[in-house]
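User: Hi! I'm new to this one and would love a friendly walk through it. Can we look at it together?
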Amino acid sequence: MNLIDLSIRRPVFAWVLMFALIVFGAISMNRMGISQLPDVDFPIINVSFNYDGAAPEVVESELIDPIEERLLAIEGIKDMRSQAKQGSGSVTLEFDINRNVDVALQEVQSALSQLRLPAGIDPPIIKKQNPEEDPIVIISISGNAELKDMLAWSDRYLLDQLRFLPGVGEVSVGGFSDRNLRIWIDTKKLNLYELTISDVITALKAQHVESAAGQFTEKLRELRVRWLGEASTIDEVKNIRILKRGNERVFGKQLFIRDVASVEDGLSDIRRIARVNGKEAIGIQIRKQRGTNEVEVAKKIRQKLSEIKGNFPKGFDYQVVVDYTKSTEATVDLTIEKLWVAAVITIIICFLFLGSFQAALNILFSIPTSIVGTFTIIYFAGFTLNLFTLLALTLSISIVVDDAIMLLENIVRHYRMGKDSISAASDGAKEVLPAAIASTLAVVAVFLPVVFMDGIIGKFFFQFGVTMCACVLLSLLEAITITPMRAAALLSSEPKVSSFEHYLDEMFEKVGDRYRRLLSITLKWKYSVVLSSIAFFILSLFLVAKVRQEFVPLQDQNLIVMSAQAKPGTSLNATSDEALKIESILKKNPNVMSYLISIGAGGGASTVNQMFVPIILQPRERRALGHIAIMDQLRTEFKQLKGIKVTLRDNSARNLASGRQNPIGINLRGADLDILDAKSKELIHRLENEKLAVDMDSDFRKGIPELILKPNREAMAERGVTVEQVGEVLSSGIGSVRQGRFTMDGKRYDIRFKIKDELIQSADDFKRLYVRNNVGNLVPMSEIVTISEGRAIQGIARVNRQRAISVYGNLAPGQSQSKVLDRAKAIAKEILPTGYTFALEGASAGFASSFSSLTSALSIGILVAFLILAVQFNSFVHPFAVLIALPFSVSGALVSLWLFGASVNLFSFIGLIVLMGISKKNSIMLVEFSNQVRERTKKPVTEALLEACPVRLRPILMTSAATVAAATPLIFGHGMGAETRLPMGLSIIGGTIVSTVLTLFVVPALYLIMSPLENKPKKL
């Protein structure tokens, strides 16, 4: 007894199977995490390090070069990117996608464990870098208090309140100054007491030390010995005595640190300022743990902040500035809504085609059985509810009902022939079972290769492909077990055939007769039909040049990301003043709800002339303009600001690729930075002049003013002064290098010396600094160094050990990303000298690799489908007749995208993949049933086609209409994520309509043409 007869004769088995799939699917769905994109281990490792006060060239030669040399031996490195800045640097390794990133992390740690770093430098920080681990929420703390008080309170209380929330990963105050014990040196007092900065540092290091002293035994007790050598309060630090001038003891007067410096509980050098809606603030970034529900985590964060607000110091307040989960939540909710709307519309379509409430109810049950049942599989696979899994579920609705429609329509047809419900269910299901199996396996054949796609996008599509395959296979299981059982049960209780059913039967008989007449004509002109359809396909390919091509469509997520910079060398305070001009424009714009403006880059990096501004827009329903129009509006206003370079971008490509998210991202590589700089400017100029790009910029900055102190070696030798002694004075007094640790409030903080800012205001102030020579005498800097002013570079970037400059920006309105990138590549080849290269990066590289990978996966899928069909039909001829429908679906998709002005992008490609799976089903029905008629009646091929095809017309039209109906909700509505759903819906609707119409005539024609090539069955 097969599964069909087993389910019909033992209906309890089928009902239990149905409820088990639904119940366990629902439980799994409620336990799944929610995220914008699948949790993917990006094979990227970042090594970062600080070298306080060092110029980019020094960071490059002293740190980056030796680190890169040690890392080169590690297996599987795809790209090595390095960045040297003032006082800091980083090396980023991107590995082959199949490399185990945890093993690679251990190898990197092992390779760097024996690295000898310059004295005083902390070991590098090594960690995985994953865009999926970007902050999900950014909050601000503001109040009527000093910055150090807000930072101290946040560090002492607020951060820990958030860190222990379930699902929260990392909570950090990114880029802001750290709490420090600051010792501000007064050089005038140093000179008065004939001291140097080195004398003060030596006093602190010698008298602020805590070390282990061991333990001893006193009779029956063992006591631990602890040497409390560290100063425990700020006053104790102030009262540390300065005992030596150089190597000589201080006589005649007691000198303390307080006599030559002021000591305070302060901050490291302030290199970042933040304001929220005009008020000074600090920003706190919150990340989620892997696999957790980011929407729930964000809700818990908001709830916790609301609960503890009463414990905030007086005048302190918080604001959730950026909440990336809002777009995730809106996208997920709308996608689920579209899923149910598509399900309802599909059922209505089925009712309108069958005219039977019982039949429509049967199909209604097939949707939750397959869709909800899939949640069990994807839950145990470790997936989350994200854009790709939800899209797979939404787009699979039309596929999962196809098998049920195919079987049910044939069961009803047999029942109308006078059979009882059980016989009709058994005979009708068995008759189309081969076609159902063939069509399901052919659909899986298209989606399965997507699982094996290369690159980062392949990791995202892995979840899409698995979800789709699971859904389709469950739909087949449901169709061959539960659907026949329900049909037998519902048909037996069905009342007399209604007038509506009679009307539909008569209407489809008339449609079938007309189709038979048209088909008989087209079969006489079979060669003309096939050739003209091929010509139509070829002509439609010319639309590829007409349709825009881009990685992802621009999506209105109520967020615009802005970056700006003042002229190189602009101080932090001066940049802050320039930022006020930007703020005044944002405040006046009614479409802007709030903003955070972050000035400077934190740490020791000399990027205090840069600004980062996430702009939160009013919800879409409250504004008339879309985010692109608002960007154009702001861009026009910002152009009026002199001395500020502003770039804007949307957030559409967030987390889809590593690196820059701009639609244009180009990397120029070579040996000479001056040549690279000139060529990058030429490339930017030409792209903007040709109206291909806007907001173009590069990451290379030069012209930063710097004061250059060079040793007069002869004078230094005569006076007994070493270069090291001068360097110590400068690094301590100017560079604010860490010179020890201090305990405050139970935590350890750095101690930093620095000359008071008001005492270092010009180059002449450096000349008045003193260095102690080797015999203890004070030597003024003016006698041993020459001082001049020069121009420096802000940073040095390298890719695969070559120096590189990145060029990035946005597409000009209406431009195709593929055309712009092709043009940029052509210009680069034209202008770059020998030895210099061009490469795409970030979202641009993702665009190129994903389309190549998707095309390859699609081609493999078609090949696998051909092989499966060959096995199913026991013929290498019939699969050609089936697969002829695929080109027409591409033509239909291109026509619809072109007509509605949509683009070919990642999401329309998803629609195309789904379409490839759907369009084969109609062809399979025609070919399979024609084979059955020929085998049963022994009629000639033409007569068999004229008999079989009209019988299959109704289910073909029904499944096509169900597909179009399921995709229709995707193209309507303006909610968040509508821009991604529209191209998918258009691809599926256009491709389904065109392929269905042509399939009905071209497939029989090609079947007739190729029938003489069939193998004659051999008699045993």
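User: In what order do the four strands of the open sheet come, and is the pairing parallel, antiparallel or mixed?
Analyst: Happy to help, and please keep in mind that this is a predicted model. The order is S12-S7-S24-S23, and the pairing in this open sheet of four strands is mixed.

User: Which strands stand at the edges?
Analyst: Strand S12 (261-267) and strand S23 (738-744). Each has a single partner strand, so one side of each is left without a neighbour in the sheet. From one strand to the next, the twist averages 30°.

User: And how do S7 and S24 pair, parallel or antiparallel?
Analyst: Strand S7 (residues 179-185) and strand S24 (residues 747-755) are parallel, with six bridges between them. One spot to look at is Ile 185, which stands opposite Ile 755 in S24. Helix H7 packs on this sheet, where it touches S7, S23 and S24. The direction of H7 makes about 160° with that of S24.

User: Let's switch to S3. How many of its residues are buried?
Analyst: Eight of the eight residues in strand S3 (residues 88-95) are buried, so the strand is mostly covered.

User: Which residues lie on each face of S3?
Analyst: Ser 88, Ser 90, Thr 92 and Glu 94 are on one side, while Gly 89, Val 91, Leu 93 and Phe 95 are on the other. Both faces are covered.

User: What does S3 pair with?
Analyst: Strand S1 (residues 44-50) runs antiparallel to S3, and seven bridges join them. Within that pairing, Phe 49 has Gly 89 of S3 as its bridge partner. Strand S2 (residues 77-85) also pairs with S3 in the antiparallel sense, over eight bridges. There, Ser 82 is opposite Val 91 in S3.

User: Which residue takes a positive phi in the hairpin of S2 and S3?
Analyst: Gly 87, with a phi near 85°. The hairpin has two residues between the strands.

User: Which residues have a positive phi although they are not glycine?
Analyst: Two to look at are Glu 194, with a phi of about 55°, and Arg 801, with a phi of about 70°. As background, most residues other than glycine have a negative phi.

User: Where are those two?
Analyst: Glu 194 is in the loop between helix H6 (187-192) and helix H7 (197-207). Arg 801 lies in the loop between strand S28 (795-799) and strand S29 (802-811). Glu 194 has a relative accessible area of 48%, so it is partly exposed. Arg 801 also counts as partly exposed, because its relative accessibility is 31%.

User: How about Thr 575, is it buried or exposed?
Analyst: Thr 575 counts as buried because its relative accessibility is 0%. You'll find Thr 575 in helix H19 (residues 572-588). Leaving aside neighbours within four places in sequence, Thr 575 is in contact with Ala 566, Thr 570, Ile 599, Val 608, Asn 609, Gln 610 and Met 611.

User: On to helix packing. At roughly what angle do H14 and H29 cross?
Analyst: Helix H14 (residues 397-416) and helix H29 (residues 906-937) cross at roughly 20°, and their axes come within 10 Å. The two are therefore roughly parallel to each other. Their crossing is right-handed. By class, this contact has six nonpolar, one polar and four charged residues.

User: How do H26 and H29 cross, right-handed or left-handed?
Analyst: That crossing is right-handed. The axes of H26 and H29 come within 12 Å and cross at roughly 15°, and the helices are therefore roughly parallel to each other. The residues of this contact divide into 13 nonpolar, three polar and two charged.

User: Last one: are H25 and H26 roughly parallel or roughly perpendicular?
Analyst: Roughly perpendicular. The axes of helix H25 (residues 817-831) and helix H26 (residues 843-873) cross at roughly 105° and come within 11 Å. Gln 817, Ser 818 and Leu 821 of H25 make the contact with Ala 843, Ser 844 and Phe 847 of H26. By class, that gives three nonpolar, three polar and no charged residues.

Definitions and conventions
Residues numbered from 1 in each chain as written. Predicted model: local features only at pLDDT ≥ 70, side-chain atom pairs only at ≥ 80, totals over all residues. Heavy atoms only, no water. Axes fitted to C-alpha atoms, helices over the stretch in contact; angles between N-to-C directions. Parallel < 35°, antiparallel > 145°, perpendicular 65-115°, else oblique. Left-handed = near helix turned anticlockwise from the far one by under 90°. Nonpolar A, V, L, I, M, F, W, Y, C, P; charged D, E, K, R; others polar. Buried < 20%, exposed > 50% of the residue type's maximum accessible area, 1.4 Å probe, protein only. Contact = heavy atoms within 4.5 Å. Pairing = 2+ DSSP bridges.
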